[in-house]
Amino acid sequence: MDPQITNRNSEAKMLLTHAKTLRLHTGNLVNRSRLKKKCPCSPSEELQDCIQDTLSDWLSATKPPSKDFPDTLDCSIPQATDAITPEEREELRVTVKLFLCESVQSSIRDAVEMVCQTLAVSQLDSVIIAPPWPLEGDSQSLAHLQPAWEELEALVRSQQIAAIGTSDLDKELLEQLYSWAQVKPSSNQVNLASCCVMPPDLTAFAKEFDIQLLTHNDPKELMSAATFQEAVQEGTRDLSIADWRLEWVLRYSIIVKSRGIIKAKGYLVSARKAIP
């Protein structure tokens, strides 16, 4: 390998060593040629590939500061951003699914603010929340959802989000959330891998209260801690890298309203370094 590239990689890894928080933006997957050449894969595999490729590109392009290493490290490729111009905003719909890996409500606001800044928009058209699943043997409950939903409601009131939705709620839990919530859910995603046909009771309830039922193929755990660590190691070519823990993963889509096509799609990822 070119000694200059090797030295640049070594300097970039110093940034990772000093950082406490890692923020990563994959850029527009619709345009990333390397990923387009790959066969269709699961959402988890797609995310892993994205993290590895983005870190690899960032390592080869970044120049660390001469002093004062930052606590928060932003890993993104400038030419891969998906900023929306004011002129085209009305023609586009920006939708988001937020996967929370930890039950920290501030993560929701952080994620929404980061995607708004990344895409240069003041409001997201819809956000679907996927909170961390309960421990094995426990069932999801309204109490489990309420803190995250209250944070989403606050973002609706501040006009940073237009509509909010849920993921994988059965009829009973969706009804409980609808009755309790001040800002009602506008949609509920159903995983067809575990449910080939929409449950009739869920369909009837959603129709009565004008809740859109959507389908998805995301696993309960989008990315395990071990897989994320592996992706970071592969992307940085460093097997001795520190232990990074996922806080949240956000997937966004920018859709052209008149044509129903996806103009851009990408992931934002936030992780923090585990304290020994």
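This is a chat between a first-year reader and an author about reading a few features of the structure above.

Reader: What kind of model is this?

Author: It's a predicted model, where local features need pLDDT of at least 70, side-chain atom pairs count only at pLDDT 80 or more, and totals for chains, interfaces and linings use all residues. Residues are numbered from 1 along each chain as its sequence is written, and side-chain values use heavy atoms, with hydrogens and water left out.

Reader: How many helices and strands does the protein have?

Author: Helices (H or I, at least four residues) and strands (E, at least two) are DSSP runs, numbered from the N terminus. Here you get eight helices and nine strands.

Reader: How do I read an aromatic pair?

Author: You describe a pair of aromatic rings by the distance of the centres and the angle of the planes. Rings of Phe, Tyr and Trp (its six-membered ring) pair if their centres lie within 6.5 Å; planes under 30 degrees apart are stacked, over 60 edge-to-face, and the rest tilted. This structure holds three such pairs. Take Tyr178 and Phe205: the ring centres are 6.1 Å apart and the planes sit at 90°, so this pair is edge-to-face. Tyr178 belongs to helix α6 (residues 171-180) and Phe205 to helix α7 (residues 200-208), so the pair ties together parts that are 27 residues apart in sequence.

Reader: Which other ring pairs with Tyr178, and how is that pair arranged?

Author: Phe209 does, in a tilted pair with 4.8 Å centre to centre and 50° between the planes. That pair links distant parts of the chain, since Phe209 is in the loop between α7 and β7 (212-216), 31 residues from Tyr178. Together, Tyr178, Phe205 and Phe209 form one aromatic cluster.

Reader: Are those rings buried or exposed?

Author: Buried means under 20% relative accessible area, exposed over 50%, and partly exposed in between (1.4 Å probe, protein chains only). Tyr178 has 18% relative accessibility, so Tyr178 counts as buried, and Phe205 is buried too. Phe209, at 30%, counts as partly exposed. Over the protein's 276 residues, 49% count as buried.

Reader: What lies over the face of Tyr178?

Author: A charge sits over a ring if NZ of Lys or CZ of Arg is within 6 Å of the ring centre and within 35 degrees of the ring normal. Lys184 does this for Tyr178, at 5.0 Å from the ring centre.

Reader: What should I know about nonpolar cores?

Author: In soluble globular proteins, nonpolar side chains tend to be buried together. A nonpolar core is a set of buried Ala, Val, Leu, Ile, Met, Phe, Trp, Tyr and Cys residues joined through side-chain atoms within 4.5 Å. The largest one here has 45 residues, and Leu124 and Leu250 have the most contacts inside it. Elements that each supply at least two residues of this core include β3 (92-100), α4 (106-119) and β8 (244-256). A second, separate core has 28 residues, among them Leu15, Trp58, Cys75 and Met223.

Reader: Which residues does Leu124 touch, beyond its neighbours in sequence?

Author: Contact means heavy atoms within 4.5 Å. Leaving aside neighbours within four places in sequence, Leu124 is in contact with residues including Val94, Val96, Val112 and Ile161.

Reader: How much of the protein's contact comes from far-apart residues?

Author: Among contacts with a separation of 6 or more, 73% join residues 24 or more positions apart.
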